[in-house]
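Open your viewer and get ready to select. We start with one strand and then step back to the whole chain.

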Amino acid sequence: MTVEKVKDTVDTAFEVHPVTARIGAEVKGIHLSPNLDAATVHFIRQALLTHKVLFFRGQQQFDDAAQEAFAQLLGQPFAHPTVPTKQGTNYVLELDSHHGGRADVWHTDVTFIDAYPQASILRGVVIPDAGGDTVWANTATAYEYLPQELRELADQLWALHSNAYDYAARRQNVSADEEQRYRKVFTSTVYETEHPVVRVHPETGERTLVLGGFVKRILGYSQPDSAHLLAIFQDHITRLENTVRWRWAVGDVVIWDNRATQHVAVNDYGDKHRVVRRVTLAGDVPVSVDGRNSITRHTLPLN
């Protein structure tokens, strides 16, 4: 595969190695920090729009503070609407497998709100010896390779997204404690938002599919028909040729375009410990192919 090379202001070569033809690239030669110059930040943003997911190995210098400060170079950091941030931080969300942090359902981050995050920055803190990979899928190429009839159908569809979904039904071997924590924390406020199934990417102009684990149903269809339609489109999104899989090491940092991807953490490491920490960047309200904006249906605090 082609290796892209760019030089920064201090004459250090950046190399972008595509991992697959459709999604994902490993970036070499960049030492991530809050002190990167504007040219380097621009390079990262452009590479992200092209490859959707960027992988950076060996970024052990990154701690919580550096991750938050670096995120500010790419956009406005955004705290999760319901899950508390890690103590001592403003925006870091910790996913700890010993405390229910196993994001093992295909999803796009936080689509249950209207302006869901534009991007996420995730770093590996504790990684099991075996298992615990993350897989990403390109929702732009998924749309592009749909049969024309399915593209035309998708362009017309809207879906209801919510953080209040059947948590246990979508996972295997969920403990009572995990389900209780989900209901107490993740759904402390219930959000429902209507998104177009196809949004127009605000920077690339690509059409991307907006689906994943937070979808409750396709609007205007019965529950059985909605489930069939969701299965059809999700199957196209998660086809192997449309995905990239990353084997984590401690110190790895991954950045992805949350407007053009879905991802899943593979839950194949048993009771081994896995900790990753994420900072997301504030996004914009999706626009459908016919120019309509997503709509927040309601926000309901639970007492």
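Select strand E9, residues 158-162. This is a predicted model. Which residues lie on each side of E9? Trp158, Leu160 and Ser162 are on one side, and Ala159 and His161 are on the other. Are these two faces covered or open? Both are covered, with every one of those residues buried. Side chains in a regular strand alternate between the two faces of the sheet.

Next, add strand E10, residues 189-196. How do E9 and E10 pair? They run antiparallel, joined by five bridges. Click on Ser162: its bridge partner in E10 is Glu192.

Now add strand E13, residues 215-218. E13 is antiparallel to E9 too, and three bridges link them. Find Ala159 and look across to E13: Ile218 stands opposite.

Zoom out to the whole chain. Count the elements: six helices and 18 strands. How many of the 303 residues are buried, as a percentage? The figure is 52%. Now think about contacts between residues with a separation of 6 or more: 80% of them join residues 24 or more positions apart. The accessible surface is about 13400 Å², and carbon and sulfur atoms make up 50% of it.

Last, colour by pLDDT. The chain averages 90, and 87% of the residues score at least 70. Select residues 5-11: here pLDDT is below 50, and the stretch has eleven contacts beyond near neighbours in sequence. Then select residues 166-171, also below 50, with 17 such contacts. Where pLDDT is low, do not read the predicted coordinates in detail.

Definitions and conventions. Residues numbered from 1 in each chain as written. Heavy atoms only, no water. pLDDT = per-residue confidence, 0-100. Contact = heavy atoms within 4.5 Å. Helix = DSSP H or I, 4+ residues; strand = E, 2+ residues; numbered from the N terminus. Buried < 20%, exposed > 50% of the residue type's maximum accessible area, 1.4 Å probe, protein only. Areas by Shrake-Rupley, 256 points an atom, 1.4 Å probe, with all protein chains shown as cover. Pairing = 2+ DSSP bridges.
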